[in-house]
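User: I have a sequence and a model open in front of me, and I would like to learn how to read them. Could you take me through it step by step?

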Amino acid sequence: MSGYAKSKDAHVARAKESDTTGNIIIYTLLGLCILLSLFITIGLFVIAKPLEASLTSVAVKSLRYNDTSASSSPYFNATLAMEIRIENPNFGFFEFPTSKGDIMYNGRVVGEIKIDGQRVGAYSAIRTEVWTQVSYREDHAPSVWFKNDIKRGLIILRVRVKLRGEVHLEVLNKRSVNLKCLMYLNLIDEVVPRLWCK
């Protein structure tokens, strides 16, 4: 065999080896891209998304108050019926135990909300009704802001509730949902004319 034939065979062998190596690299990269897209698709279903809670309505069931002109000790006392909506945008259901929250007036707790534990299905929302009593009295020298609020007949209340629970997916994900709202309690008309939730 001549030297020319040997070098030609060696060149052909190197070309085949180079093609095989190139194919391995291409198929490896293609496999990694498929795995990456598979992980991203599964991640969209498995990773828990944030839940949402809002106060959809508030009704005043009973209201008593004493303005400053009639007494040196003003107060208000109201029973409120509130509807809370909890939305679950996840693939798995969200389950939370009985939770409590506060209703505040000028930084002071004036009432407590108790939401019974429930289960919110996947990609769904529930509405739950909660009744609570709010009251506030200043026995000693009433502050100017409280006197003014009673005189104008408008009490501004803040609602804060944190529902801690779990989104049940293939893996367990602990999540919580915050309910933060601001409501105006109109003492004269006995309604809540304005309600904002974050």
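Analyst: Happy to. Let's start with exposure: a residue is buried under 20% relative accessible area, exposed over 50% and partly exposed in between, using a 1.4 Å probe and protein chains only. With a relative accessibility of 48%, Tyr-123 therefore counts as partly exposed. Please keep in mind that this is a predicted model, where local features need pLDDT of at least 70 and side-chain atom pairs count only at pLDDT 80 or more, while totals for chains, interfaces and linings use all residues. Residues are numbered from 1 along each chain as its sequence is written, and side-chain values use heavy atoms, with hydrogens and water left out.

User: Where is Tyr-123 placed, and what is the sign of its phi?

Analyst: Elements first: helices (H or I, at least four residues) and strands (E, at least two) are DSSP runs numbered from the N terminus. Tyr-123 sits in the loop between β6 (118-120) and β7. Its phi is positive, near 50 degrees, in a residue other than glycine. Glu-190 also has a positive phi, about 55 degrees, and is not a glycine. You will find Glu-190 in the loop between β9 and β10, partly exposed with a relative accessible area of 39%.

User: How many helices and strands does the protein chain have?

Analyst: The protein chain has two helices and ten strands. Read from the N terminus, the order is α-β-β-β-β-β-β-β-α-β-β-β. Of its 198 residues, 35% are buried.

User: Which strands does β8 pair with?

Analyst: Two strands pair if DSSP finds at least two bridges between them. Strand β3 (residues 93-96) is joined to strand β8 (residues 154-168) by three bridges, and the two run antiparallel. In that pairing, Phe-93 is opposite His-168. Strand β4 (residues 99-105) also runs antiparallel to β8, with four bridges between them; here Ile-103 faces Val-159.

User: What does Ser-99 touch?

Analyst: Contact means heavy atoms within 4.5 Å. Ser-99 belongs to strand β4 and is buried, at a relative accessible area of 6%. Setting aside residues up to four places away in sequence, Ser-99 touches Ile-113, Lys-114, Ile-115, Lys-162, Leu-163 and Arg-164. Ser-99 and Lys-162 are 63 residues apart along the chain, yet their C-alpha atoms are separated by 7.3 Å. For the protein chain, residues 24 or more positions apart account for 68% of the contacts with a separation of 6 or more.

User: Which polar contacts do Thr-79 and Thr-128 make through their side chains?

Analyst: A polar contact is a pair of N or O atoms within 3.5 Å; within protein, one must be able to donate a hydrogen and the other to accept it, and residues adjacent in sequence count only if both atoms are side-chain atoms. Thr-79, in strand β2 (residues 75-88), is buried at 16% relative accessibility, and its side chain makes a polar contact of 3.4 Å with that of Gln-133. Thr-128, in strand β7 (residues 124-137), is buried at 10%, and its side chain is joined to that of Gln-118 by a polar contact of 3.1 Å. For Ser-99, the side chain reaches the backbone oxygen of Pro-97 at 3.0 Å.

User: How many residues does the largest nonpolar core have?

Analyst: In soluble globular proteins, nonpolar side chains tend to be buried together. A nonpolar core is a set of buried Ala, Val, Leu, Ile, Met, Phe, Trp, Tyr and Cys residues joined through side-chain atoms within 4.5 Å. The largest one here has 39 residues, and those with the most contacts inside it include Leu-55, Phe-76 and Leu-157. Beyond its neighbours within four places in sequence, Phe-76 is in contact with residues including Tyr-105, Phe-146, Leu-157 and Leu-187.

User: Which cysteines form the disulfide?

Analyst: A disulfide is a covalent bond between the sulfur atoms of two cysteines; in a model, it is a pair of cysteine sulfur atoms within 2.5 Å. The structure holds one, joining Cys-181 to Cys-197 with an S to S distance of 2.1 Å. Cys-181 lies in strand β9 (residues 172-186) and Cys-197 in strand β10 (residues 191-197), so the pair ties together parts 16 residues apart in sequence. The torsion about the S-S bond is about 100 degrees, so the disulfide is right-handed. Cys-181 is buried at 5%, whereas Cys-197 is partly exposed at 31%.
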